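Thanks for making time this morning. I would like to walk you through one model, starting with a sheet and working outwards from there.

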Amino acid sequence: MAVTASLDAVVREIEDPELPHVTIGDLGIVRSVTIEGGTATVLLTPTYTGCPATEQIRDDVAQAVRAAGYEPDVRLVISPAWSTDWITERGHQRLLAAGIAPPPPAGEPGVTVVEPPIACPRCGSRRTRSISHFGGTACNAPYVCNACSEPFEFFKAL
Amino acid sequence: MEPLLTYTLRQGDRALILAQRLLEVITHSPEIEEDMALSNLALDLIGQARALYTYAGELDGMIDGASRDEDHYAYWREQHEFLNPLLVEQPNGDFAKIIVRQFLHDAFAFPYWRAMQQSTDETLAAIAAKSVKETAYHLRHSRSWLIRLGDGTEESHRRTQNAVDGLWRFTGELFERDQVETSLLGDGVCSDPDQLRTVWLLTVTEALDEATLDLPEDSVMQTGGRSGRHSESFSRLIGEMQVLARAHPGASW
């Protein structure tokens, strides 16, 4: 049990390849880590179905498991579907520190959702505006702050 | 072919072929943000197609014991084996056409995935729960562009109305029902195409109205894609999509 707990902690501390200093534990995509014999099974929930970082995360997890002396069995589970509500409090703080506005509560997926005003992660002003619905990564959308004029990324609620 | 396998491939092909059309647009969008947006849409659609093809591989394997991965369905099938509706393979044109094609599709896909969360097939329900969230963003995007373009300048209005009129005849196929749907409906595996059409029409009517565009008169609808009969431009689309995998089987990078 202690061994499982320590491997679990190692896996959760792996950093996301596209979000600086945010771990996959912070993102809430690690479902479980179980050890049976010499094999460690890790269940991950992908964020977006087509997110290219998923493959990288799989490889990183397998490498960490191997380094800990186990044969990795990394599997993706899509149900229940990942939600940004699973991002931890520490994850929110780290996103903010990386200049990314953390997501508001996800709610039901809808079309005419009114986004709450997004606070600028640099100056805190809520006078910000959306530049586009989609950004350089699947989970982010570009915003700009009207107060300090800085562009920033907003982590979309999903 | 098993109804469930045919059904799964139809949905996977719908996603993949629309993604391939969107990928052709990249670097040709009116602004760089739109290049990113359309490639994000395409990535989500490819992700959905991959999940559906993986499931198709399991279903196929239960029939003949052979093992097929997602690449098999994307790269190694012939034109007549693709079962996407004709709407998604319609060639790109001006930006209005790209947006209208996307909107007409998204207005279908969002309520489709929402309904499919209730499917009695656990895998399809799981894919639906994942896809509905992504598709909500797609519909928000294509709907907002439709309104900007329709209610924009005289020229953007004219082009957008042209696109709506030109693509309308491909929308009926989205709600067709043949023996595949009929047999799956009884088991609660798939959603009811008639109910879906009602929701779709409401979304489309409201958006066109807000965009100051006219709803086209219902005319003869084109059909055939879901049975493997495609338009001429489709052969060029899959030619480009498959050439690398076929020239270098098993290539990786």
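**The sheet in chain A**

In chain A, three strands make up an open sheet, in the order S1-S2-S3, and the pairing in this sheet is mixed. Its edge strands are S1 and S3 of chain A, each of which pairs on one side only, and from one strand to the next the twist averages 15°. Please keep in mind throughout that this is a predicted model.

As a general reminder, the strands of a sheet pair through backbone hydrogen bonds, and the sense can be either parallel or antiparallel.

Let me take the antiparallel part now. Strand S1 of chain A, residues 30-36, pairs with S2(A) in the antiparallel sense, over six bridges. If you would like to follow the register on the screen, Ser32(A) has Leu43(A) in S2(A) as its bridge partner, and Glu36(A) is bridged to Thr39(A) of S2(A). S1(A) and S2(A) form a hairpin with two residues between them, and in the turn you will find Gly37(A), which has a positive phi of about 60°.

On to the parallel part. S2(A) pairs with strand S3 of chain A, residues 71-76, in the parallel sense and over six bridges, and here the bridge partner of Thr41(A) is Asp73(A) in S3(A). What links up with these two strands to make a β-α-β unit? Helix H3 of chain A, residues 53-67, does so together with S2(A) and S3(A), and the unit is right-handed.

Which side chains of strand S2 of chain A, residues 39-44, are buried, and which are not? The side chains alternate along the strand: Ala40(A), Val42(A) and Leu44(A) point to one face and are buried, whereas Thr39(A), Thr41(A) and Leu43(A) point to the other face and are not buried. Two of the residues I mentioned for their bridges return here, namely Leu43(A), the partner of Ser32(A), and Thr41(A), the partner of Asp73(A).

Let me step back to the whole chain. Chain A is divided into domain 1, covering 2-76, and domain 2, covering 101-155, and the centres of these two domains of chain A, taken over C-alpha atoms, are separated by 28 Å.

Finally, the second chain. The contact between chains A and B takes 18 residues from chain A and 25 residues from chain B. How do the residues on the chain A side divide by character? Ten are nonpolar, eight are polar and none is charged.

Key
Residues are numbered from 1 along each chain as its sequence is written. Chains are lettered from A and ligands numbered from 1 in the order in which they are written. This is a predicted model: local features need pLDDT of at least 70, side-chain atom pairs count only at pLDDT 80 or more; totals for chains, interfaces and linings use all residues. Two residues are in contact if their C-beta atoms, placed from the backbone, lie within 7 Å. Ala, Val, Leu, Ile, Met, Phe, Trp, Tyr, Cys and Pro count as nonpolar, Asp, Glu, Lys and Arg as charged, and the others, Gly among them, as polar. A residue is buried if 20 or more other C-beta atoms lie within 10 Å of its own, exposed if 12 or fewer, and partly exposed in between; C-beta atoms are placed from the backbone. Helices (H or I, at least four residues) and strands (E, at least two) are DSSP runs, numbered from the N terminus. Two strands pair if DSSP finds at least two bridges between them. A crossover is right-handed if, with the strands pointing away from the viewer, the path from the first strand over the helix to the second runs clockwise. Domain bounds come from an automatic or database domain assignment. Axes are lines fitted to C-alpha atoms, for helices over the stretch in contact, and angles run from 0 to 180 degrees between N-to-C directions.
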